[in-house]
Amino acid sequence: MYLLLAFLALLTERLIGYPQWLYRLIGHPVTWIGALISRLDRSWNRESQSFARRKAWGSAALVVLIGVTVAISFIIERLLAGSQSGFLVLVLIAAMLPAQKSLESHVEAVAAALETGGLEAGRKAVSMIVGRDPEQLDEAGVCRAAVESLAENFSDGIVAPAFWLGAAGLGGGAAYKASNTADSMIGHRSARHEAFGWAAARFDDLINLPASRLSGALFVAAACLLPGASPKAAIAAIRRDAQHHRSPNAGWPEAAMAGALGIALAGPRSYGGEMIQARFMGSGGRAELTAADIRRALTLARIADALLIGLFGLAALAIWQF
């Protein structure tokens, strides 16, 4: 049932996304999870405590967050899984977890902004999806940032929730989303969160391992279907560059996409006025990207997404027949 749930959730979100009227009415699971994380951060993350104690409280906060998320998900799953109509409602709830249409629309907005409004519009659009300093980005930097975000969030926002839905049902998918949201909110090496967010950052690294590798493989496969793309170069880039990324996971999809499209991603970038030195993914590829490269990356991602949906569909069918 879990593989079928993941397949139908992906297919549903691919077709209808998350309606804005529903978001305005009830919010989104990420906003609910974020509210709990903020409350735990305010209550348990006290600057007067030692580093070790804040680290322990952060670990406890992660356990509470995931425990509450899994418990609620388990109750919902048990209430709905007993009938066909209930299962359809369960699919609609599970479809809130992957973010295919949202990711594409945000990345496509960067290309459209550059094409219609120039560099300043592109900087404003890309600032909605990346944390680096937009005023330091030229046109190529804006485009690289958008494509990197697409590659990394394809793994974090689409493949990983689907993977954990398929592996452990609604509880698995929701627990992943909770952990990933915690990493985004408190998993920073800042004065406030280096200790408290340690557990969230390390746990997020762990649970993203399978999805990041699968995402890289999907981009390689997608390159076989996109004219002009190179699956061979994608594999070479993964082998050469992925291990040098600051993240143990983001390098896989970023390197695969860079190699497949013959472009260079990552490299030095500025965060909060501080220049971060990082190696390029797709080393040797073309670094002077344009809006057309964003659109080509989106095409590759859409093909990879279709392959992911097909993969879950075939797996669900195989299990059902068995």
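## Around Ser215

Ser215 touches Phe154, Ser155, Val159 and Pro253, leaving aside residues up to four places away in sequence. This is a predicted model, so read the contacts that way. Ser215 is part of helix H9, which covers residues 209-223. Its relative accessibility is 0%, which means that Ser215 counts as buried.

What does the side chain of Ser215 reach? One partner is the backbone oxygen of Ala211, at 2.7 Å. Another is the side chain of Ser155, with which the Ser215 side chain makes a polar contact at 3.4 Å.

## Leu114 and Ile294

Leu114 sits in helix H6. Is Leu114 buried or exposed? Its relative accessibility is 10%, so it counts as buried. Not counting residues up to four places away in sequence, Leu114 touches Leu119, Gly122, Glu139, Val142, Cys143, Ala291 and Ile294. As for Asp138, it lies 24 residues from Leu114 in sequence, and the two are 11 Å apart in space, C-alpha to C-alpha.

Pick up Ile294 from that list and you find Leu114 again among its contacts, along with Val107, Val110, Ala111, Cys143, Ala146 and Val147, with residues up to four places away in sequence left out. Cys143 is touched by Leu114 and also by Ile294.

## The nonpolar cores

Ile294 also turns up in the largest nonpolar core, which has 72 residues. Together with Phe219, Met257 and Leu300, Ile294 is one of the residues with the most contacts inside that core. Which helix gives the most to this core? That would be helix H7, residues 139-186, with 15 residues.

There's a second core, separate from the big one and made of 10 residues. Among its members are Ile33, Leu40, Ile186 and Phe196.

## Two cavities

How many cavities of 30 Å³ or more are there? The count comes to two. The largest has a volume of about 60 Å³. Its lining is made up of Ile37, Leu40, Asp41, Gly58, Ala61, Leu62, Leu65, Ala182, Ile186, Phe196 and Ala200. Helix H3 (29-44), helix H4 (51-80) and H7 are the elements that give two or more residues to this lining, and H4 has the largest share, with four. By class, the lining of the largest cavity has nine nonpolar residues, one polar and one charged. Leu40, Ile186 and Phe196 belong to the second core and are also found in the lining of the largest cavity.

The second largest cavity has a volume of about 30 Å³. Lining it are Leu103, Glu104, Leu150, Phe154, Ile158, Ala301, Arg302 and Asp305. Phe154, then, lines this cavity and is touched by Ser215. At least two lining residues come from each of helix H6 (100-126), H7 and helix H12 (291-321). Here the class count is five nonpolar, no polar and three charged.

## The second largest pocket

The second largest pocket holds about 360 Å³ of space. It is lined by 16 residues, and those nearest its centre are Pro29, Trp32, Thr69, Ile72 and Ser73.

Which helices each supply at least two residues of this pocket's lining? They are H3, H4 and H7. H4 has the largest share of the pocket lining, six residues. As for class, 13 of the lining residues are nonpolar, two are polar and one is charged.

How values were computed
Residues numbered from 1 in each chain as written. Predicted model: local features only at pLDDT ≥ 70, side-chain atom pairs only at ≥ 80, totals over all residues. Heavy atoms only, no water. Core = buried A, V, L, I, M, F, W, Y, C linked by side-chain atoms within 4.5 Å. Buried < 20%, exposed > 50% of the residue type's maximum accessible area, 1.4 Å probe, protein only. Contact = heavy atoms within 4.5 Å. 1 Å grid on protein atoms, 1.4 Å probe; cavity = no way out; pocket = protein on both sides within 12 Å on 5 of 7 lines; lining within 4 Å. Points joined across faces, edges and corners; volume = space filled by probe spheres on them. Nonpolar A, V, L, I, M, F, W, Y, C, P; charged D, E, K, R; others polar. Polar contact = N/O pair within 3.5 Å; in protein donor to acceptor, adjacent residues only side chain to side chain.
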